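Biologist: Could you walk me through the salt bridges here, step by step? I am new to this, so please explain the terms as we go.

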Amino acid sequence: MRQADSSPSRRAFLGATGTVTAVGLSAGCQSSSARPDRSDASDAPAPTPPVSPTGRYQAGITLPQPAQRNLLAVVADLVDAGSVRPLLAELGEAIGKLTAGTDARLMGLSPGDLTVTVGVGPRLVRKVDPALPGAKDLPRFSREQIAPRARGGDLLIQICADDPLVIPVVAAALLEQAGDRIRERWRQSGVRGPNVPVDKGVAAPRNLFGFVDGIVGPHTKAEQQRDLWLAGPAPVAHGTLAVLRRMELDLPRFAKLSVAEQEAVFGRRRASGVPLSGGTIASGPDLGAKTPDGRYLVPADAHARRAHATAVGVGLMLRRSYSIDGPAPGLLFMSFQNDIRTFTSTLTRMDNSDALLDYTTTTASATFLILPGFDKQHPLGSGLFS
């Protein structure tokens, strides 16, 4: 049975989320709490700066930068859609206490750079207004093997932190807060690979294929206003749209390719992330560049070409990818954008002939409206569910 097929108890859930710790440590991502004790207190690492959960936008999307190393995504349904407003308000209050370190359920752990990001699914958005962004379900695509429970959902709780110990503790606290008002669909923990500098203030991790992942995106404030954050209508302004796709990767078959063949699949150099058309890692691929004999330097079916925003005719998406080790080696792909067509049009074009998709199988899929930011005067979700 696939991980997404079951609806485990909270005790089972807490045990499963503990894999975040194992994954993080096996990848060499030790938190300060996992490092050996030092006799000289002056050698102790500086405390991790906290990330405020309140403000115009929810934390865990553009802040912190770079993103934390560990993630847990929980997807659930509401048992009674009428309970959404008080549930979200309670979750917002709990998030404030957990990130501030004042919640006893943290067991004395420091929250560090903990962020919790909450989104609601299309069914709940449609109940408010079917015309709102986030009201549409994702279409089905090829190369999917998705069980019914692993498609869609009413609620997303994304928990991120550098310290892997914090994540299962926070998950248990938030699930207790939700109580019997939610029913889990699926969940996935993941870890980001080592960061590679891309540009000033921008870094991206390597994925299980060994390539730098998430180089292109709305990194500047202007790009984020244009392509990431929703500008309106009022109930959703300052929110964004999230897509989650869990994929199994055919690592053995990909590993049998030569480095040159692997680079042709991605359209970038494996070691440096530089496009095959030249330049720097931050350079956009030159899709018109050709060899003297007329062949494209970035192959026609390369991922860098098929997913290129200009070629697709859409805006940029902020991509976050996390490597996973179960139920099979793979990737939890997350994208944030202010128009769902940015994702659907891109994947439709990739579906036709993207060499990378030959090595992936999608096993879970969902989309959510990430709610606008909140504070004490404006509880989480209060603008939408008034």
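Modeller: Happily! Let us start with one residue: Arg 123 has a relative accessible area of 35%, so Arg 123 is partly exposed, where buried means under 20%, exposed over 50% and partly exposed in between (1.4 Å probe, protein chains only). This is a predicted model: local features need pLDDT of at least 70, side-chain atom pairs count only at pLDDT 80 or more, and totals for chains, interfaces and linings use all residues. Residues are numbered from 1 along each chain as its sequence is written, and side-chain values use heavy atoms, leaving out hydrogens and water.

Biologist: Which residue forms a salt bridge with Arg 123?

Modeller: A salt bridge is a side-chain nitrogen of Lys or Arg within 4 Å of a carboxyl oxygen of Asp or Glu. Here the closest N and O atoms are 2.6 Å apart, and the partner of Arg 123 is Asp 154.

Biologist: Is Asp 154 buried or exposed?

Modeller: What decides this is the relative accessibility, which is 3% for Asp 154. Asp 154 therefore counts as buried.

Biologist: Which residues are joined with Arg 105 into one network?

Modeller: Arg 105 meets Glu 176 in a salt bridge between their side chains (2.8 Å, N to O). Salt bridges that share partners make the network, and joined with Arg 105 are Asp 103 and Glu 176.

Biologist: How many salt bridges does a search of the whole structure find?

Modeller: Another one is formed by Arg 151 and Glu 144, with 3.2 Å between the closest N and O atoms. For the whole structure, the number of salt bridges found is 16.
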